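Got the viewer open and a selection box ready? Let's take a walk through the charged pairs and then along one strand.

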Amino acid sequence: MLWFLEKLILGMIAVLAIGIGSVCAVQNVEIDGMKFCIPDGYKEDTSLATEGVTNEDGFKIYNHTYFDSSNKMVHISVFHGKDTDKLSLDDLKEHTDVKKTINGYDGLLDHDKDAGLYFFTYIKNGKVSIVTVEDESLLEKVIV
């Protein structure tokens with residue numbers, strides 16, 4: 001499971017490198033039944049989206065990526081599979097993760113200083129959500 005998350009994070013970093021521009025928009029979005037709020041000024045790059053793609057390990061994956069006019073990114077990934085409803089945060093925790101609660105959701109916060117990204121991972125309704133941002137303060141705005 002941990003290697004899958006590492007692959008997912010590397011993929012998100014690659015998405016960041018694409019850096020597509022955007023226009024202003026305010027959106028409340030639902031991704032695989034999970035609700036998120038996209039801050040003002042971020043627009044989705046639909047060419048990067050995946051909707052329920054099942055990978056070789058049987059995980060059904062949903063990815064949505066948003067950029068602001070400075071190419072700052074908000075990336076949301078939701079996935080679930082056969083045993084994700086049995087996962088706990090301890091199953092997902094890496095040595096660099098810190099347990100944190102954001103807007104009532106217990107999760108794991110990680111900061112990749114080299115990439116300048118913050119990752120917040122949490123579990124709800126048997127689904128794992130990972131919100132990736134460049135500005136840690138955005139996590140409280142995105143996670144609702």
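A salt bridge here means a side-chain nitrogen of Lys or Arg within 4 Å of a carboxyl oxygen of Asp or Glu. Keep in mind that you're looking at a predicted model. Searching the whole structure turns up four salt bridges, and we'll stop at some of them.

**Stop one: Lys100 and Glu136.** Select both and show side chains. They make a salt bridge, with 3.3 Å between the closest N and O atoms. Lys100 sits in strand 7 (residues 98-102) and Glu136 in the loop between strand 10 and helix 3 (139-142), so this pair ties together parts 36 residues apart in sequence. Colour by accessibility and Lys100 comes out partly exposed at 31%, while Glu136 is partly exposed at 30%.

**Stop two: Lys86 and Asp83.** Here the closest N and O atoms of the salt bridge are 3.6 Å apart. Lys86 is exposed, with a relative accessible area of 63%, and Asp83 is partly exposed at 42%.

**Stop three: Lys127 and Asp32.** Select these two next. What is the distance between the closest N and O atoms of this salt bridge? It's 3.5 Å. Lys127 belongs to strand 10 (residues 127-133), whereas Asp32 is in the loop between strand 1 (27-31) and strand 2 (34-38), so the pair links parts that lie 95 residues apart in sequence. Buried or exposed, then, for Lys127? Lys127 is buried, at 17% relative accessible area. Asp32 is buried too, also with a value of 17%.

**Stop four: strand 10 itself.** Stay where Lys127 is and extend the selection to the rest of strand 10. Seven of its seven residues are buried. Flip the view from face to face: Lys127, Ser129, Val131 and Val133 are buried on one side, and Val128, Ile130 and Thr132 are buried on the other.

**Stop five: the partners of strand 10.** Add strand 6 (residues 73-80), which runs antiparallel to strand 10 and is joined to it by six bridges. To find your place, pick His75, which stands opposite Thr132 of strand 10. Now add strand 9 (residues 117-124), another antiparallel partner, joined to strand 10 by seven bridges. In this pairing Lys124 faces Lys127.

**Last stop: the turn.** Strands 9 and 10 form a hairpin with two residues between them. Click on Asn125 in that turn and check the backbone torsions: its phi is positive, at about 55°.

How values were computed:
Residues are numbered from 1 along each chain as its sequence is written. This is a predicted model: local features need pLDDT of at least 70, side-chain atom pairs count only at pLDDT 80 or more; totals for chains, interfaces and linings use all residues. Side-chain values use heavy atoms; hydrogens and water are left out. Helices (H or I, at least four residues) and strands (E, at least two) are DSSP runs, numbered from the N terminus. Buried means under 20% relative accessible area, exposed over 50%, partly exposed in between (1.4 Å probe, protein chains only). Two strands pair if DSSP finds at least two bridges between them.
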